[in-house]
Structures are given as structure tokens and as C-alpha cells.
Amino acid sequence: MANSKCKIYSGIGGQAVIEGVMMKNKDKYAVAVRKENGDIAVEVDHFSGVMSENKLRKLPFVRGIFNFVESLMLGMRSINLSAEVSIEEEMESDKEQKDSKVMTGVITAISIVFAVALFIVLPYYLSTLFEGVVVSKSLIAILEGVLRIGIFLLYVTAISAMDDIKRLYRYHGAEHKCINCIEKGRPLTVKNVMRSSRIHKRCGTSFMFFVLFVSIILFFFIRVENPVYRVGLRILLMPLVAGISYELIRWAGTSNNYFIRLLSAPGMWIQRMTTKEPDKEMVEVAIAAVEAVFDWKQFLKDNFDYEDPEETAKKQEQPVAEQEKLPEGFEAL
């Protein structure tokens, strides 16, 4: 059974996509989508990531950089795939598939540039407007961090008002509920998933908050007078920020001690905005994505002494072996 101070780690993760859920386990991922006709379509593929054989990927702090980049790449690929499946379109040629991959790369690059401009450059610029009023450089650095968090919260709040995003957040909730259901030792059924929490410590939203939190601490110690250098150093330090944040959220996902719960609390609070309660049909989609890449029954057997009712019933239905025939005059004991 699980230690009360340690959380059982399933190793699976995912994200919400258009009318569905993507779930990933090791180098295998599945995108499950509710089609217009009501059926659930499941596409399974492999994603080995960037420099999959490189030993650097196993180093603490460095592995987080790879994970961050790969999450963006796989996320965009999954969203594009879900869009095609939901409207029942298929790539007709290799050229179309290559064009789709190129477009995914372009969109990923644009997303990174947008995130850097919105959450790194803009907070820095806004903080410089207070330099004539606030004399302390330390206070300016803290103000920059506060502005960064404020911009992030405003961004999350603004997109939450969009109808399509609201529906995406419901699938996000279904994804979390499935993982929580498994990691709590419950069989993956619609009923069990529905009563599970939609908040999870390893969520990308919590990761983003860790990024903001770590950046405040690191950027606080940057004492460069040239504004261009200051912005450049902030951008160059982002891989290190991502690496540290990954280690923190990895720790958060496997621990229940008081300190990590306190550290995770703000990110989990923000998740109440980025996840919403799903309906049963959304949960069915999320379960389909999990089962395509993860043997949850074996996981429960290994970690929670789970007994599959179907296997138990089959054993009970097996005929009792005939007694061994004994010589005449003897009786079986």
C-alpha cells in the first residue's frame, strides 16, 4: 500500500485537446476525440522526443528543458490531430502530412516568442516605468515578479471567458480526474472518475506557476545596468528556470509533505480556473485515451493489491478438478 507521505506516481500525463484528451505514457501517446457522430476516435502513435538517446536527458535540471520543449511540440501535434479527427478529415498525401508538421513547428515557435514577449519582456518594461518613483533596485525586481504573475492571471482569466476554452477546460478536468482516479487506487470507471478531484499537482498550470516563482528568485540577482543585456539575460535564463521548475513539479507529484503542499498551493488554486467539471461523455473520452496507452489494471494490482472482478468471476466459474481416483476401499480425506 502507498505511504501516506508519498504519492503513487503512475507515469502518465496528458492535456486537453479539441473535443478530446491526449494521454502519454513513456514514448507512446493517444489522442481520443468525440466525433460529430458521437463515436470516440482514438489515434495512437509514438513520440520519442528530442535527442532521445542523449545521456543529457537524464541529468537533473537539464531533463526539464527537454521536457518543456517536447511538451510544446507534442501538445501542438495533438491539437492538430484532434482538429482533423473531430471534423473527420484525413491527410490525403505525404506532402500534406509534412506541411502539417512544418506548420506545427512554426506555431510552436510563434507560441514561444509570444510567451517570452508577454511574460518576460512586458513585465520588465512595465517595472522600469516605476524606476523614477521606486529607488530600490530590489523592490523593482520584486515588482517585476508581481507584474509577471499578475499578467499571467489576467491572461488565464481572459481566455477563460471564451466558450471554446471553457469546453477545453472541461476536458482538462476529465484528464486530471482520470489520473487522480488511478493514483488513488480506484478502478478506472466513469463513476469513479466523476467523483475524483479535477486538481492535480503535476498539471502544466502548476508548472507555469513554478516557472513564474523561480524566475522571480533568479531575476532578482541580475544586476546589469544595460537594459538590453538585462532582457537578454532573462531570456537566456529561461531554460534554467524551466529545468528547476520541472524538478519542483516532479517532486510535488510524488510527495505529500507539508512544504511541497504549501509550495504547490498557488498553482493548484489557479487550476480551479483552468479546469472545469466534465460530463460523463467527456470522461468516457478521457478513459479511452488512458486505456490506449496504459494498463491501469496492472498498475492497481502492483500498487494497491487490486483484484479484477472479471478475472475473479472467471476463476469462480472454472470447474473443480476431478478428484484423483483412489484404489477400491479407500476414501479421499
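## Exercises on helix packing and burial

The axes of helix α4 (residues 163-183) and helix α10 (residues 280-293) come within 9 Å of each other and cross at roughly 55 degrees. The model behind these exercises is predicted.

**Exercise 1. Classify the packing of α4 against α10, give its handedness, and sort the contact residues by class.**

Step 1. Start from the description. Two packed helices are described by the angle between their axes and the distance between the axes.

Step 2. Take the angle of roughly 55 degrees. Angles of 65 to 115 degrees count as roughly perpendicular, and those under 35 as roughly parallel. The crossing angle therefore makes α4 oblique to α10.

Step 3. Add the hand. α4 passes α10 in a right-handed crossing.

Step 4. List the contact. From α4 come Arg167, Arg170, Tyr171, Ala174, Glu175, Cys178 and Ile182. From α10 come Met282, Val283, Val285, Ala286, Ile287 and Val290.

Step 5. Sort by class. The contact of α4 with α10 holds 10 nonpolar residues, 3 charged ones and no polar ones.

**Exercise 2. Do the same for α3 and α4: what is the angle class, and which residues meet?**

Step 1. Read the geometry. Helix α3 covers residues 137-160. α3 and α4 pack at an angle of about 105 degrees, and their axes are 7 Å apart.

Step 2. Assign the class. An angle of 65 to 115 degrees counts as roughly perpendicular. So α3 is roughly perpendicular to α4.

Step 3. Name the residues. α3 supplies Val156, Ile159 and Ser160. α4 supplies Ile165, Lys166 and Tyr169.

Step 4. Sort them. The contact of α3 with α4 has 4 nonpolar residues, 1 polar and 1 charged.

**Exercise 3. Locate methionine 23 and asparagine 25, decide whether each is buried or exposed, and find their contacts that are remote in sequence.**

Step 1. Place them. Methionine 23 sits in strand β2. Asparagine 25 lies in strand β2.

Step 2. Check accessibility. Buried means under 20% relative accessible area. Methionine 23 is at 0%, so it counts as buried. Asparagine 25 is at 14%, so it counts as buried.

Step 3. Look along the chain. Methionine 23 and alanine 286 are 263 residues apart, yet their C-alpha atoms are separated by 8.0 Å. Asparagine 25 and alanine 292 are 267 residues apart in sequence and 9.7 Å apart, C-alpha to C-alpha.

Step 4. Collect contacts, not counting residues up to four places away in sequence. Methionine 23 touches, among them, Gly13, Lys28, Tyr29, Glu175, Cys178, Ala289 and Val290. Asparagine 25 touches Gly11, Ile12, Val293 and Phe294.

Step 5. Link back to Exercise 1. Glu175, Cys178 and Val290 are in the contact of α4 with α10, and methionine 23 touches these residues too.

**Exercise 4. Which two non-glycine residues have a positive phi, and how accessible are they?**

Step 1. Take glutamate 19. Its phi is about 55 degrees. Glutamate 19 is found in the loop between β1 (12-17) and β2 (20-25). Its relative accessible area is 23%, so it is partly exposed.

Step 2. Take phenylalanine 61. Its phi is about 75 degrees. Phenylalanine 61 is in the loop between β4 (40-46) and α1 (62-86). At 44% relative accessibility, it counts as partly exposed.

**Exercise 5. Contrast alanine 141 with glutamate 131: where is each, and is each buried or partly exposed?**

Step 1. Alanine 141 lies in helix α3. It counts as buried because its relative accessibility is 12%.

Step 2. Measure its reach in sequence. Alanine 141 and isoleucine 222 are 81 residues apart in sequence and 8.9 Å apart in space, C-alpha to C-alpha.

Step 3. Glutamate 131 is in the loop between α2 (94-128) and α3. At 39% relative accessibility, it counts as partly exposed. Leaving aside neighbours within four places in sequence, glutamate 131 is in contact with Ile140 and Arg230.

**Exercise 6. Check the span of helix α6, list its buried residues, then set it in the whole protein.**

Step 1. Helix α6 (residues 204-220) has 17 residues. Its first and last C-alpha are 24 Å apart, close to the 24 Å expected at 1.5 Å a residue.

Step 2. Its buried residues include Thr205, Phe207, Phe210, Val211, Val214 and Phe219.

Step 3. Zoom out. The protein has 12 helices and 4 strands. Of its 333 residues, 38% count as buried. Among contacts between residues at least 6 apart in sequence, 68% join residues at least 24 apart.

Conventions
Residues are numbered from 1 along each chain as its sequence is written. This is a predicted model: local features need pLDDT of at least 70, side-chain atom pairs count only at pLDDT 80 or more; totals for chains, interfaces and linings use all residues. Side-chain values use heavy atoms; hydrogens and water are left out. Axes are lines fitted to C-alpha atoms, for helices over the stretch in contact, and angles run from 0 to 180 degrees between N-to-C directions. Helices (H or I, at least four residues) and strands (E, at least two) are DSSP runs, numbered from the N terminus. Angles under 35 degrees count as roughly parallel, over 145 as roughly antiparallel, 65 to 115 as roughly perpendicular and the rest as oblique. A crossing is left-handed if the near helix is turned anticlockwise from the far one by less than a right angle, and right-handed if clockwise. Contact means heavy atoms within 4.5 Å. Ala, Val, Leu, Ile, Met, Phe, Trp, Tyr, Cys and Pro count as nonpolar, Asp, Glu, Lys and Arg as charged, and the others, Gly among them, as polar. The expected span of a helix is 1.5 Å times one less than its number of residues. Buried means under 20% relative accessible area, exposed over 50%, partly exposed in between (1.4 Å probe, protein chains only).
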